[in-house]
Amino acid sequence: MANASYLRTEDAPLLPPPVSDTGIAGWMRRHVLSTMNDFSSPGAGIRSVLMGLLTLLLLYYGLSALWGIIDFAFIKAVWSDPEGLKRGVCTTAEQGGVATGEVGACWPYVQAKVKLFIYGRYPESELWRPNLIFALLAAGLGWIIIDKAPGRRFIALLMLSVFPLAALILLTGGHAGLSRTGMVIMAVSGVVLTLAGHLGLRGVLGEILLAFGGGVRLLGLLFLIIAAVMFFMSIDYGLEKVPTDFWGGLLVTLVVALTGIVASLPLGIVLALGRRSSLPLFRVLSITFIEFWRGVPLISVLFMSSVMLPLFLPEGTDFDKLLRALIGVALFSSAYMAENIRGGLQAIPKGQYEGASALGLSYNQSMRMIILPQALKIVIPGIVNTFISLFKDTTLVLIIGLFDLLGMVQSSFTDPSWATPVTSATGYLVCAVTFWVFCFSMSRYSVHLEKKLHTGHKR
Amino acid sequence: MKFKKVLLGLAVVACTASAQAATTLETIKEKGYLQCGVSQGLPGFSNPDDKGNWTGLDVDYCRALAAAIFGDAEKVRFTPLSAKERFTALSSGEIDVLSRNTTWSMTRDTQLGLNFVGVTYYDGQGMMVPKSLGATSAKELDGAKICVNTGTTTELNITDYFKTHNMGFELVAFEKSDEVIAAYGAGRCDVYTTDRSGVAAERLKLANPDDHMVLPEIISKEPLGPVVRQGDDQWFNIGRWVYYALLNAEEFGITSANVDEMANSENPEIKRFLGKDDSKFGEGIGLGNDWAYNIVKLVGNYGEIYDRNVGPDTPLKLERGVNALWTEGGIQYAPPVR
């Protein structure tokens with residue numbers, strides 16, 4: 001029996017970590033100073049000193065840049081224009097105004113123009129329409145983003161079907177003078193194609209339709225959707241019509257970006273699958289499409305649509321400028337999207353394809369249930385990358401005379417009643433912050449999505 | 001090359017097809033508004049105000065045109081166009097009239113299937129220098145660094161001017177006018193050059209406008225005016241006489257404020273002009289006989305438009321100069337209505 005007095009009956013009390021390892025000091029020592037407090041040899045000493053100097057230098061430049069922005073945007077800024085002096089309030093006496101000392105950001109200018117920046121020249125009495133759309137968009141997206149919200153699938157479905165249609169009708173006012181015959185032809189051919197595809201897939205209509213039934217059915221459904229959209233667009237809702245010339249600012253930026261984003265993903269998937277298809281017809285068509293759109297710059301696509309296209313169309317054909325840009329942007333980004341997704345498809349091991357076949361799944365089933373979920377997960381960073389660059393590329397629509405956020409801001413610089421040395425800097429600052437907020441949220445959400453879908457296989 | 005030819009051919013077919021359609025005036029009356037091409041923003045000529053409404057000299061010309069056609073100056077829609085797409089937009093019929101500070105030159109008048117209706121603003125290229133440079137004439141600028149917009153006639157003109165006078169120079173070119181003035185303001189060049197109206201507007205963006213002066217030399221002729229498609233003489237006449245009506249109204253002293261009084265005037269010329277006698281000048285060009293009355297009542301005369309948009313009381317502070325009426329020493333001259 002051992003002597004009990006030699007054995008500890010309780011744990012020794014935990015000591016707090018040494019002071020040098022905790023708090024700000026500890027963090028600094030471990031993460032910052034650890035690279036510059038090594039003086040064990042002359043070489044290491046020199047390295048430490050240089051490192052310290054470099055750190056100080058970068059700190060100085062970083063802080064002074066930050067200070068510059070704060071100084072411009074807040075401290076030296078002019079905040080209000082109670083007397084309605086316009087440019088006078090943001091200019092000094094030498095420049096013809098009343099401000100004293102150096103002037104920073106001219107916020108009254110932004111206040112005066114903020115409606116332009118957000119809605120463009122959308123009629124004031126109708127602003128509730130874009131507002132409603134913005135609210136619905138925020139609510140819908142918020143709902144989908146929250147992981148635990150009930151009925152996310154249902155909301156997502158609504159956002160992809162009812163919401164775009166509602167946005168289209170609310171923003172334009174509906175009651176478009178569309179040809180009834182066109183609508184009927186579209187609807188009838190839609191029904192015929194859908195039926196033909198459906199029956200063809202069952203092998204009733206011979207071998208060719210057996211092979212292409214899926215495509216035919218897809219085309220038919222597309223026609224039906226177009227017919228439905230045309231139908232809803234032609235109804236008179238008693239809303240005032242607002243032609244797209246009146247749209248502008250953030251509204252146009254969001255319309256172009258969201259249309260591009262929503263259209264490019266499904267189109268991109270179809271193109272990516274087409275490019276890897278074993279049917280030469282699909283493959284060649286997909287490759288041609290992708291390589292064509294990847295081969296031309298977006299600017300020239302937009303230019304072609306606004307400068308050349310009107311020359312070919314018969315006079316009086318009013319093909320909406322915004323619509324032209326939307327189609328151009330959607331096709332353009334879908335080509336990039338297709339290549340992103342193809343990358344994902346190629347990264348899936350062959351065993352997955354073979355396993356799916358061995359289970360007796362059809363092509364559609366194996367793609368839907370086995371391949372695409374894995375492939376899309378892999379390429380989330382690429383997809384979001386394309387979305388973000390698409391969002392920023394929307395600023396190019398300015399060259400065809402559409403005023404997106406940046407265009408609206410730039411055109412407001414030409415108002416002589418607000419011409420001051422700081423106007424453009426203020427405007428660009430607003431623009432930069434707005435774009436950053438949108439792009440950064442997209443990027444954060446993609447990180448979150450990656451973490452959520454990261455089910456096991458660590459990279 | 002073959003592809004280019006096919007494109008050109010198609011373009012020509014499209015143009016001729018448009019010439020055979022209904023007249024421009026009929027089309028405009030049918031759709032109920034005038035479609036007017038303006039710039040994407042040039043201070044005083046066409047720029048959006050706080051509400052996004054277009055204002056400016058070029059814009060007011062289009063409003064006058066709408067007033068003459070519809071008796072309503074608001075029945076006009078504006079299409080902002082870049083310098084590159086403006087002529088296509090006009091010849092494709094996307095717009096009915098182009099009022100976008102467009103310089104009238106021989107090439108544009110004769111080779112593009114377009115017609116200039118007149119000169120609503122006589123501009124010319126000017127130069128601005130810092131006072132500290134001590135130059136009083138452009139001829140003293142040997143070896144200067146010059147800030148210009150790329151790809152514009154300004155770049156060409158300034159090069160020609162310096163070569164003609166055997167002076168050395170260095171061009172500092174930028175894409176956007178904002179960048180040009182910012183570079184000049186930061187002292188990257190000694191000379192800022194663009195059209196004189198533009199110099200006045202950009203000067204407002206300098207930190208110390210009083211430290212800079214505009215040199216007396218005007219080195220190019222830039223007659224700016226509205227443009228219409230060739231081949232529709234009626235529309236061309238309307239465009240031209242709306243401009244003349246603005247000038248005649250100023251010459252008669254008719255303003256938007258006193259036009260109703262003037263309508264009762266005994267002066268036969270004024271009565272004829274405002275359509276208050278039996279002459280039917282308005283009908284002669286396909287408009288109502290009160291066309292000129294509507295223009296002046298709803299938009300004003302040329303002097304009013306000038307003062308409102310670019311005149312001495314606006315931030316641009318441009319004197320009338322050559323744009324004064326011929327009776328006041330300028331060269332704005334309109335044929336009589338009779």
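**Entry 1: α12 and α13 of chain A**

I looked up the handedness of the crossing between α12(A) and α13(A) in this predicted model, and the crossing is right-handed. I then took the geometry: the axes of α12 (residues 350–358) and α13 (residues 363–378) of chain A come within 10 Å and cross at roughly 165°. Angles over 145 degrees count as roughly antiparallel, and I therefore entered α12(A) and α13(A) as roughly antiparallel to each other.

Next I listed the residues that meet. From α12(A) I noted Gln352(A), Tyr353(A), Ala356(A) and Ser357(A); from α13(A), Ser366(A), Ile370(A), Ile371(A) and Gln374(A). By class, I recorded 4 nonpolar, 4 polar and no charged residues in this contact.

**Entry 2: α15 of chain A**

How many residues of α15(A) are buried? I found 8 of 8 for this helix, residues 405–412, and wrote it down as mostly covered. The buried residues include Leu405(A), Leu406(A), Met408(A) and Val409(A), and also Gln410(A), Ser411(A) and Ser412(A).

I then checked what the buried residues of α15(A) pack against. Within chain A, I noted α3 (107–119), α8 (249–275) and α16 (423–453). From chain B, I noted β2 (47–48).

**Entry 3: domains of chain B**

I took the domain bounds of chain B from the domain assignment, which gives domain 1 as 19–122 + 223–328 and domain 2 as 125–220. I have the C-alpha centres of these two domains of chain B at 31 Å apart. For the contact, I counted 8 residues from domain 1 of chain B and 5 residues from domain 2 of chain B. On the domain 1 side, I recorded 5 nonpolar, 2 polar and 1 charged residues.

Note on methods
Residues are numbered from 1 along each chain as its sequence is written. Chains are lettered from A and ligands numbered from 1 in the order in which they are written. This is a predicted model: local features need pLDDT of at least 70, side-chain atom pairs count only at pLDDT 80 or more; totals for chains, interfaces and linings use all residues. A residue is buried if 20 or more other C-beta atoms lie within 10 Å of its own, exposed if 12 or fewer, and partly exposed in between; C-beta atoms are placed from the backbone. Helices (H or I, at least four residues) and strands (E, at least two) are DSSP runs, numbered from the N terminus. Two residues are in contact if their C-beta atoms, placed from the backbone, lie within 7 Å. Domain bounds come from an automatic or database domain assignment. Ala, Val, Leu, Ile, Met, Phe, Trp, Tyr, Cys and Pro count as nonpolar, Asp, Glu, Lys and Arg as charged, and the others, Gly among them, as polar. Axes are lines fitted to C-alpha atoms, for helices over the stretch in contact, and angles run from 0 to 180 degrees between N-to-C directions. Angles under 35 degrees count as roughly parallel, over 145 as roughly antiparallel, 65 to 115 as roughly perpendicular and the rest as oblique. A crossing is left-handed if the near helix is turned anticlockwise from the far one by less than a right angle, and right-handed if clockwise.
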